[in-house]
Amino acid sequence: MVATPSTMLPLSTVAPDFELPDPDGRAYALADFADAPVLVLAFLCNHCPYVKHIRTRLAEVGAELEQRGVAIVGINSNDVDSHPEDAPELMQREPYPFPYLHDETQAVAKAYSAACTPDFFVFGTGRALIYRGQFDGSRPSNNVPVTGADLVGAVDAGLSGAPAPEPQRPSMGCNVKWKPGNAPDYFG
């Protein structure tokens, strides 16, 4: 399996607006999370071994963060024609306690320069980007425990107003499965 790294969107980037449906058709927009002091966006999919590797702990971390007032949103931008296992009706099977949205046009993935699954973005005050990168240092083949420590550390910093921990390491995972002719310039 070949790993694709995050693009590492520049810090302080303001979260691009979005409106996406969940598998039941309920639409969510960036503005729906305006009251949360910190917003986490996670680009995910159903089939990727890197996502499967962290899925259980991500669901637990998501529930813990939501109890602390943090908004967390999953976004699946994969081409479901080439990867039908990522179809919206199959997204409903995932264990996440947070909204898991479908980016059918892939416009949101492009706006955030998402490159892989999983790919994490943490936005703080004014929805400025304070963290982008890995959930933690665990990968499917490295025997490092899945903790979510990097993401949780960034969220803790956002909640306290402190700078996000450094260094910020890129996430690694399966590349976003772009529709034919739709791959953005940053992806190559």
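## Around Phe135

Leaving aside neighbours within four places in sequence, Phe135 is in contact with Ile54, Arg57, Leu58, Val61, Phe120, Val146, Thr147, Gly148, Ala149, Asp150 and Leu151. The model you are looking at is a predicted one. Phe135 belongs to the loop between strand S9 (129-133) and helix H4. With a relative accessible area of 2%, Phe135 is buried, because buried means under 20%.

Another residue to find while you are here is Pro118. The C-alpha atoms of Phe135 and Pro118 are separated by 8.1 Å, and the two residues are 17 residues apart along the chain.

## Helix H1 and its kink

Several of the contacts of Phe135, including Ile54, Leu58 and Val61, appear again among the buried residues of H1. The full set of buried residues in this helix is Tyr50, Val51, Ile54, Arg55, Leu58, Ala59, Val61, Gly62 and Leu65. What lies over them? The cover includes S4, strand S5 (71-76), S7, S8, helix H4 (149-160) and strand S10 (172-175).

Now follow the helix along its length. H1 has 19 residues, which at 1.5 Å a residue should span 27 Å; the end C-alpha atoms are 28 Å apart, so the two values agree. H1 also has a kink of about 55 degrees, centred on Arg55, and Arg55 is one of the buried residues of the helix. Just after H1 comes Gly69, with a positive phi of about 90 degrees.

## The loop before H1

Step back along the chain and you reach His47, in the loop between strand S4 (39-44) and helix H1 (49-67). Is His47 buried or exposed? Its relative accessibility is 17%, so His47 counts as buried.

The side chains of His47 and Asp86 are joined by a polar contact of 2.8 Å. Asp86 is also among the residues in contact with His47 once neighbours within four places in sequence are left aside; the others are Lys52, Asn78, His83, Glu85 and Lys177.

## A cluster of aromatic rings

The whole structure holds eight aromatic pairs. One of them joins Phe43 and Tyr112: the pair is tilted, at 5.9 Å centre to centre and 50 degrees between the planes. Phe43 sits in strand S4 and Tyr112 in the loop between helix H3 (107-111) and strand S7 (116-117), so this pair ties together parts that are 69 residues apart in sequence. Phe43 is buried at a relative accessible area of 1%, and Tyr112 counts as buried at 0% relative accessibility.

Tyr112 has a ring partner in Phe123 too: the centres are 5.9 Å apart and the planes stand at 80 degrees, so this pair is edge-to-face. Here the link runs from Tyr112 in the loop between H3 and S7 to Phe123 in strand S8 (residues 119-123), 11 residues apart. Both of these residues are buried. Taken together, ring pairs link Phe43, Tyr112, Phe121 and Phe123 into a cluster.

## A three-stranded sheet

Finally, have a look at S10 and the strands beside it. Three strands form an open sheet in the order S1-S10-S7, with antiparallel pairing. Strand S1 (4-5) and S7 stand at the edges with a single partner strand each, so one side of each has no neighbour in the sheet.

How many bridges join S1 to S10? There are two, and these strands run antiparallel. To see a bridge for yourself, look for Thr4, whose bridge partner in S10 is Gly173.

Key. Residues numbered from 1 in each chain as written. Predicted model: local features only at pLDDT ≥ 70, side-chain atom pairs only at ≥ 80, totals over all residues. Heavy atoms only, no water. Helix = DSSP H or I, 4+ residues; strand = E, 2+ residues; numbered from the N terminus. Buried < 20%, exposed > 50% of the residue type's maximum accessible area, 1.4 Å probe, protein only. Polar contact = N/O pair within 3.5 Å; in protein donor to acceptor, adjacent residues only side chain to side chain. Contact = heavy atoms within 4.5 Å. Phe/Tyr/Trp six-rings, centres within 6.5 Å; stacked < 30°, edge-to-face > 60°. Expected span 1.5 Å × (residues − 1). Bend = angle between axes of the 7 residues up to and from the residue. Pairing = 2+ DSSP bridges.
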